[in-house]
Amino acid sequence: MTLPVVVAVDDLRRALAARRGSGRPVRFVPTMGALHDGHATLIRRARADGGVVLLSIFVNPTQFGPTEDLAKYPRTPEADLALAQKAGADLVWMPEVETLYPPGEQTRVQVGALADVLCGAVRPGHFTGVATVVAKLLIASGADVLYLGEKDFQQTAVLRRMVADLLIPSTIEVVPTVREADGLALSSRNRYLDAAGRAAAAAIPRALEAATRTARAGEPAPDILARARRVLDAEPGLRTQYLELRDARTLELSPSVDAHARLFIAGFVGSTRLIDNRALLP
Ligand code: AMP
């Protein structure tokens, strides 16, 4: 059987109502497509948790800045549907831009301080786009559980806040980052990397690993950051955008290293922007 695909919100709601019957939960994995094994892991996890597994594929224009890669963001719908079916999705929602942003729309969801640091500082408006679209996706679907990847750690923090603040009755499950053998986090954008770029990108997980080892040896925060910085700077193919140690709960800068300390890295390999993060202590 082929995987059913819906576009309009009415069709989505009908399809979900038919599948949820008397109380099966809707487990929802929102994506921008160009699916890889990280996405498949979220779908498999939702499948294992039981209920109706909804996947959305939507490249959300409002979370891209004017100079960012919206137009050239990878789109691979056929491969996406095959992967989604294999991983265990029950239904795929592929809204049009006009489905989620109807003519005349003028509403945005803006989260506060959590959205202003890290990626929010270097991509102004990004998390307003993310919070707005995920609010729409949750309201339209009535999903019970939202599955998010830890690779986008700040996104999980912003969306937790958004869901709590807007009284949206969905819970959030965060799935650990799926990585290549050398530690590089899987990302739809990795497909832009040529062999040299791919090698340069591996400096990011190497820096996270070096920082973690330094932290576990009991070294102070400045030494941990310096150690990670050296690894990043040794890779000429990588331009670091930020390297910051922050408290995972508040995303405020961490002057010291405790169980909540998390290291966040963003960098460019050519024009491809990559991000990653890791807790420093177990
Ligand atoms: P995206 O399509 O990039 O917007 O990602 C959709 C969802 O998949 C988000 O919750 C991401 O955090 C998650 N995701 C992306 N890459 C990975 C990965 N390597 N491991 C786990 N989750 C991921």
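Okay, so M32: one of its backbone N or O atoms sits 2.9 Å from an oxygen atom of the ligand. Then there's H39, where an N or O atom of the side chain is 2.9 Å from a ligand oxygen. And a polar backbone atom of G149 lies 2.9 Å from an oxygen atom of the ligand. Taken on its own, the ligand would expose 490 Å², and the protein buries 93% of that. Keep in mind, please, that this is a predicted model.

Who else is around the ligand? There are 16 residues around it, and the ones that come nearest are M32, H39, D152, V178 and L186. In terms of secondary structure, β2 (26-31), α2 (37-49) and β5 (145-149) each give at least two residues to that shell. Which of the elements has the largest share? That's α2, with 3 residues.

Let's stay with residues 37-49 for a moment and look at charges. D37 and R44 pair up through their side chains in a salt bridge, 3.1 Å from N to O. D37 has a relative accessible area of 36%, so we call it partly exposed. R44, at 40%, is partly exposed too. There's also a little network: R45, D49 and E173 are joined by salt bridges that share partners. Searching the whole structure turns up 18 salt bridges, and I'll only show you a couple more.

Now over to strand β9, residues 272-279, which is where R273 is found. I like this residue. R273 is buried, yet makes no salt bridge. How far away is the nearest side chain of opposite charge? That one is E68, and the distance is 6.3 Å. For a salt bridge we'd want the nitrogen and the carboxyl oxygen within 4 Å. What R273 does have is a polar contact with Q241, side chain to side chain, at 2.7 Å. Leaving out anything up to four places away in sequence, R273 touches C119, V122, R123, R189, Q241, Y242, A266, G267 and F268. Notice that Q241, the polar partner, is on that list, and so are two arginines, R123 and R189.

In the strand with R273, we also get D276. Its side chain meets R179 in a salt bridge, 2.8 Å from N to O. That pair ties together distant parts of the chain: D276 is in β9, R179 is in the loop between β6 (171-175) and α8 (195-201), and they're 97 residues apart. Is D276 buried or exposed? It's at 4% relative accessibility, so it counts as buried. R179 has a relative accessible area of 31%, so that one is partly exposed.

Then R278. The side chains of R278 and E209 form a salt bridge at 2.7 Å, N to O. Again, distant parts of the chain are linked: R278 from strand β9 and E209 from helix α9, residues 203-216, with their positions 69 residues apart. R278 is partly exposed at 24%, and E209 is partly exposed at 31%.

Next, V92, for a change of scenery. V92 is in strand β4, residues 91-93. It's at 0% relative accessibility, so it counts as buried. And what does V92 touch? Skipping residues up to four places away in sequence, the contacts are L3, P4, V5, V6, L55, I57, L81 and A84. Here's one distance to have in mind while you rotate the model: V92 and G120 are 28 residues apart in sequence, and their C-alphas are 29 Å apart in space.

Last thing, backbone oddities. Most residues other than glycine have a negative phi. L118 has a positive one, near 45°. Where is L118? In the loop between α4 (97-100) and α5 (119-122). At 2% relative accessibility, L118 counts as buried. The other one to look at is L167, with phi near 60°, also positive. L167 is in the loop between α7 (153-165) and β6. With a relative accessible area of 73%, L167 is exposed. So as a pair of positive-phi leucines, we have L118 buried and L167 exposed.

That's what I had, happy to go back to any of these.

Definitions and conventions:
Residues are numbered from 1 along each chain as its sequence is written. This is a predicted model: local features need pLDDT of at least 70, side-chain atom pairs count only at pLDDT 80 or more; totals for chains, interfaces and linings use all residues. Side-chain values use heavy atoms; hydrogens and water are left out. Helices (H or I, at least four residues) and strands (E, at least two) are DSSP runs, numbered from the N terminus. Buried means under 20% relative accessible area, exposed over 50%, partly exposed in between (1.4 Å probe, protein chains only). Lys and Arg count as positive and Asp and Glu as negative; His and the chain ends are not counted. A polar contact is a pair of N or O atoms within 3.5 Å; within protein, one must be able to donate a hydrogen and the other to accept it, and residues adjacent in sequence count only if both atoms are side-chain atoms. Contact means heavy atoms within 4.5 Å. A residue is near a molecule or strand if one of its heavy atoms lies within 4 Å of it. Accessible areas come from the Shrake-Rupley method with a 1.4 Å probe; for residues, only the protein chains shown count as cover.
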